[in-house]
Amino acid sequence: MSMPDAMPLPGVGEELKQAKEIEDAEKYSFMATVTKAPKKQIQFADDMQEFTKFPTKTGRRSLSRSISQSSTDSYSSAASYTDSSDDEVSPREKQQTNSKGSSNFCVKNIKQAEFGRREIEIAEQDMSALISLRKRAQGEKPLAGAKIVGCTHITAQTAVLIETLCALGAQCRWSACNIYSTQNEVAAALAEAGVAVFAWKGESEDDFWWCIDRCVNMDGWQANMLTWFLFVFVTSSLFRLYQLSKAGKLCVPAMNVNDSVTKQKFDNLYCCRESILDGLKRTTDVMFGGKQVVVCGYGEVGKGCCAALKALGAIVYITEIDPICALQACMDGFRVVKLNEVIRQVDVVITCTGNKNVVTREHLDRMKNSCIVCNMGHSNTEIDVTSLRTPELTWERVRSQVDHVIWPDGKRVVLLAEGRLLNLSCSTVPTFVLSITATTQALALIELYNAPEGRYKQDVYLLPKKMDEYVASLHLPSFDAHLTELTDDQAKYLGLNKNGPFKPNYYRY
């Protein structure tokens with residue numbers, strides 16, 4: 001049984017009330033100061049940028065600052081060590097030298113090199129096959145005299161590839177293929193090691209082409225034209241190479257690494273199966289259970305994305321132009337639809353086609369409020385982002401690589417990485433998978449550079465099957481896997497060499 005509240009004595013109640021009011025006023029007096037201070041609204045520099053104009057020097061600096069100021073600048077241990085004052089000046093306007101006195105580079109901050117070196121060392125631990133290849137071939141220097149210009153994502157994993165090429169005798173100059181995927185501290189570590197690297201996270205379009213120009217055009221340094229095409233490419237540039245070859249305009253041999261089994265299956269399928277969720281979780285914190293997702297394209301990338309989303313309980317729809325891929329999607333338990341049929345109801349739209357204008361302004365206009373839109377495919381062409389740069393729509397940057405595009409009626413569409421590659425712009429990709437891809441690329445470069453004259457003409461070639469198998473065999477020890485060996489009788493029965501290749505070129509894995 002509770003006791004009744006204590007009652008004040010007669011005549012004393014008014015005194016107690018006044019004393020309490022004075023005590024409360026003193027106790028909470030700080031709140032008066034707080035409430036009088038004007039509220040400051042957070043603004044991002046690029047919110048004020050006019051999207052319809054080509055970035056100028058001023059615009060370039062604003063864009064670079066707004067992106068790099070985020071705490072999610074690089075998703076690495078070095079992110080917290082970034083000097084905020086460094087964002088005030090564009091890397092192009094800085095005078096930087098490494099410890100050897102060289103200034104043949106352009107990165108965000110050369111002082112981050114120490115932290116970048118740690119990132120590279122961590123990556124090396126899960127790229128044992130590439131390190132093994134480096135050790136085996138380092139004495140022979142199979143790339144001695146090769147002058148390689150590269151344009152790739154600049155991450156800790158690609159840094160291991162670049163340093164492997166250098167260890168094998170090549171001279172390398174490198175730029176970034178994506179304005180958002182560069183890890184600034186890794187670029188600094190490469191510059192400190194003597195690699196001519198021109199890249200930083202948050203480049204403008206103008207910066208992007210400037211970096212490539214600095215990579216290619218340097219007084220006193222010119223790529224040997226016999227070895228000029230010693231960079232390996234991905235889907236986005238592969239189409240162009242085949243077009244040039246068909247038109248008879250391809251001037252040098254090219255190696256199609258993208259369609260090698262070790263690239264197609266492991267990088268495109270298994271890598272995207274993990275990195276799609278990483279990118280979406282980091283940027284949106286979305287829960288996928290019960291969410292309706294449409295994935296445009298059911299190639300290797302689409303298959304990886306769908307497998308991951310389905311495993312988390314998402315309801316997944318597929319759009320496809322290829323009846324074979326569409327049938328595969330049906331057999332895997334997905335509904336194949338046209339985008340127009342589901343665009344009003346889905347919570348997430350993911351493009352994986354390698355095409356252009358897959359998601360148009362008409363689709364974007366019909367999306368539900370808070371629909372998430374992102375790209376896992378071809379550069380920034382799959383989503384018609386340009387159509388959103390109009391006066392009636394408001395862009396609101398809510399965090400790094402996350403924009404709310406707001407319609408006049410208040411509807412918001414969540415656009416990730418401005419339509420560029422989600423996994424490399426907003427998160428990271430598994431190091432082990434990149435080890436497979438990087439080893440494949442290194443072997444392709446060695447093959448092209450050392451091939452006898454006349455073996456490769458001015459055309460696009462697939463990586464020899466034997467090399468694909470060799471790359472795979474280098475990675476098996478990581479799993480303590482033991483291959484079964486054919487007997488002489490078995491090899492004769494199958495018509496194979498005991499040491500491979502074990503499948504014909506037309507075999508579909």
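**Exercise 1: two helices passing each other**

Work out which way H6 passes H16 in this predicted model, and what lies in the contact.

*Solution.* Step one is the handedness: H6 passes H16 in a right-handed crossing. Next, find the two helices. H6 covers residues 156-167 and H16 covers residues 431-450; their axes come within 9 Å and cross at roughly 25°. Now for the label. Angles under 35 degrees count as roughly parallel, and therefore H6 and H16 are roughly parallel to each other.

Then go through the side chains. From H6, the contact uses Gln157, Leu161 and Leu165. From H16 come Thr431, Leu434, Ala438, Gln441, Ala442 and Leu445. Sort these by type and you get six nonpolar, three polar and no charged residues.

**Exercise 2: a helix with several neighbours**

Find which residues of H5 are buried, and which helices they pack against.

*Solution.* Start by going along H5, residues 128-137: Ala129, Leu130, Ile131, Leu133, Arg134 and Ala137 are buried. Here's a handy rule for reading such a list: an α-helix has 3.6 residues a turn, so residues three or four places apart point the same way. Now look around the helix. The buried residues of H5 pack against H4 (113-125), H6, H16 and H17 (465-475). You've already met two of those neighbours, H6 and H16, as partners in a right-handed crossing.

**Exercise 3: reading the sheet**

Write down the strand order of the open sheet and find its edges.

*Solution.* The sheet has eight strands, in the order E7-E6-E5-E8-E9-E12-E11-E10, and the pairing is mixed. For the edges, look for strands that pair on one side only: these are E7 (335-336) and E10 (394-399). Finally, check what sits on the sheet. H10 (residues 261-284) packs there, touching E8, E9, E10, E11 (402-406) and E12 (412-416). The direction of H10 makes about 130° with that of E12.

**Exercise 4: zooming in on E8**

Is each face of E8 covered or open, and how do E5 and E9 join this strand?

*Solution.* First, a general reminder: in a regular strand the side chains alternate between the two faces of the sheet. So split E8, residues 348-351, into its two sides. Val348 and Ile350 are on one side, Val349 and Thr351 are on the other, and all of them are buried. Both faces are covered, then.

Next, the neighbours:

- E5 (residues 292-296) runs parallel to E8, and four bridges join the two. Cys296 stands opposite Thr351 in this pairing.
- E9 (residues 371-375) also runs parallel to E8, again with four bridges. Val349 stands opposite Val373, while the bridge partner of Val348 is Ile372.

**Exercise 5: backbone oddities**

Two residues, Asp285 and Gln401, have a positive phi. Decide where each one sits and whether each is buried or exposed.

*Solution.* Take Asp285 to begin with. Its phi is about 60°, although it is not a glycine, and its place is in the loop between H10 and E5. Its relative accessible area is 54%, so Asp285 is exposed.

Now Gln401. This residue isn't a glycine either, and its phi is about 70°. Gln401 lies in the loop between E10 and E11. Buried means under 20% relative accessible area, so at 2% Gln401 counts as buried.

For a last oddity, go to the segment after H18 (488-494), where Pro501 is found. The peptide bond from Gly500 to Pro501 is cis, with omega near 0°.

Terms used:
Residues are numbered from 1 along each chain as its sequence is written. This is a predicted model: local features need pLDDT of at least 70, side-chain atom pairs count only at pLDDT 80 or more; totals for chains, interfaces and linings use all residues. Side-chain values use heavy atoms; hydrogens and water are left out. Axes are lines fitted to C-alpha atoms, for helices over the stretch in contact, and angles run from 0 to 180 degrees between N-to-C directions. Angles under 35 degrees count as roughly parallel, over 145 as roughly antiparallel, 65 to 115 as roughly perpendicular and the rest as oblique. A crossing is left-handed if the near helix is turned anticlockwise from the far one by less than a right angle, and right-handed if clockwise. Contact means heavy atoms within 4.5 Å. Ala, Val, Leu, Ile, Met, Phe, Trp, Tyr, Cys and Pro count as nonpolar, Asp, Glu, Lys and Arg as charged, and the others, Gly among them, as polar. Buried means under 20% relative accessible area, exposed over 50%, partly exposed in between (1.4 Å probe, protein chains only). Two strands pair if DSSP finds at least two bridges between them.
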